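Me: I'm new to this one. Could you walk me through how to read it?

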Amino acid sequence: TVGYPFTPPPRPRPHNRLNTTTIITPNPSAPDILRALYPAITMSKEDQIRDELNQQYGYDGQINERIHHFPDDFEILEELSIPIQLFDFTPGSKKRLWANQAFLQPSNQSLEKFREFDLNTNLSEAMNKFAGGLYETVQVKMQTCRHVKTTYPGGKPTTNFEIFRPVQVIHRHTAAGNDYTPGEEAKKNMMLIQLIPITANAKEDDLKRAHELIYYADVLATIVLATSRTVAYGNYKSRAYYSTHVDRMATEERQIALEDILDTCLWPTLNERQNAIQEIEKLELSSPPFQTECRKRPQKGATSGKEVWHRMVFIPCTDVVSGEAAFFINEYDISQLKEVQKDLQAANEAQNAYVAGLSHELRTPLNGMVGLSDVVMQDATCPAALKKKIQVIRTSGIRLSLLVDDILDAASSKRNTLVVKHEKVSIHDTMESVADIV
């Protein structure tokens, strides 16, 4: 299958084993579709549902190869207690075709009412996107999709292992093509949806809640396997982000990798990108997390012009499913923080420029006062009593000039350009000048 952003995103599934055991043994006289769907198996855990059914029994191939007649071949499925539905997700003409009683009875819904629901107008944008992904994967590529889904019939949560599998169906439809009733016979790829209930204990309920919490958390959470450097899991926000920011053409034949994630960053230099990769590769379980901040590439077609910044935290861990070395990537959107920091820096620079200009304007008249006082003090015709008063004016002017210098020093300290000079000071002269002013 394609990397996770381009297939319908699966719900998070608990990694522990389920405790329940269910035996499904179809009647030997049942049609091929029932024997293909449910060979005699024991489902003791979620992995067995996926692996034993698909790999050991190869039932996906059996269903895909056989052509089924609608509705005759589906009548036997009415006997099963597992909910089953038949859908056609062809864009523009999506239809609910059929459901067995195991699906209809819990909601007191008739088959006619089930089929009346208009999928083309009543689905949200997110569900339309999800249905489009299912159509491409199941009905076009003839691949099977699986994920865990929690529903709330009657307000009570029910967790099901949901399987979307392709089936080739011969049906009869009217000339208008708006129903599946007697008329021209045609063959078409459809989608069979099975809901296999999963029971869990209290511990598993906690795990499901934890997965729900992570899945919908307001942070991009991604698990990357260290050896293959491919993405093993991503929560909803991670998938939504990278499905629009990673080059789809480049990942159609492979899973998204660490390099794809790093390529969404605008690195100032290649060396900084390489240094980040080296730090990530050095991560071990005992290592502290590696953290970096980077500006993200804008999404194609974006017109806002705003810079997007993420803080990326790489945390070493062990993948709970495969046991391989891995690492979490937690990404936080810090764009607003960067904007605030940028505004503060601009405000500080404006303040420093104002203080420097104000100090210059103050020093000019003070220098005139001190210079004129020196001229008067050197005038032999100036009386001694007047010279003493002028000396006080001169000393006060010098003191004001030193205060202006202190203001400049304060501004310089914010710019880290303050220079400290060590000089000898006469305490006698300082006290005398203070006494003259007083």
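**Surface and rings**

Reply: Sure. The chain exposes about 25,800 Å², and carbon and sulfur atoms supply 55% of it; areas like this come from the Shrake-Rupley method with a 1.4 Å probe, and for residues only the protein chains shown count as cover. This is a predicted model, in which local features need pLDDT of at least 70 and side-chain atom pairs count only at pLDDT 80 or more, while totals for chains, interfaces and linings use all residues. Residues are numbered from 1 along each chain as its sequence is written, and side-chain values use heavy atoms, leaving out hydrogens and water.

Me: How do I read a pair of aromatic rings, and how many does a search of the whole structure find?

Reply: A pair is described by the distance of the centres and the angle of the planes. Rings of Phe, Tyr and Trp (its six-membered ring) pair if their centres lie within 6.5 Å; planes under 30 degrees apart are stacked, over 60 edge-to-face, the rest tilted. Here the search finds 12 aromatic pairs. The centres of Phe-74 and Trp-98 are 5.8 Å apart with planes at 55°, so this pair is tilted.

Me: Where do Phe-74 and Trp-98 lie?

Reply: Phe-74 is in the loop between β3 (67-69) and β4 (84-88), and Trp-98 is in strand β5 (residues 95-99), so the pair ties together parts 24 residues apart in sequence. Strands are DSSP runs (E, at least two residues), numbered from the N terminus.

Me: Is Phe-74 buried or exposed?

Reply: Buried means under 20% relative accessible area, exposed over 50%, partly exposed in between (1.4 Å probe, protein chains only). Phe-74 is buried at 0%, and Trp-98 is buried at 6%.

Definitions and conventions: Helices (H or I, at least four residues) and strands (E, at least two) are DSSP runs, numbered from the N terminus.
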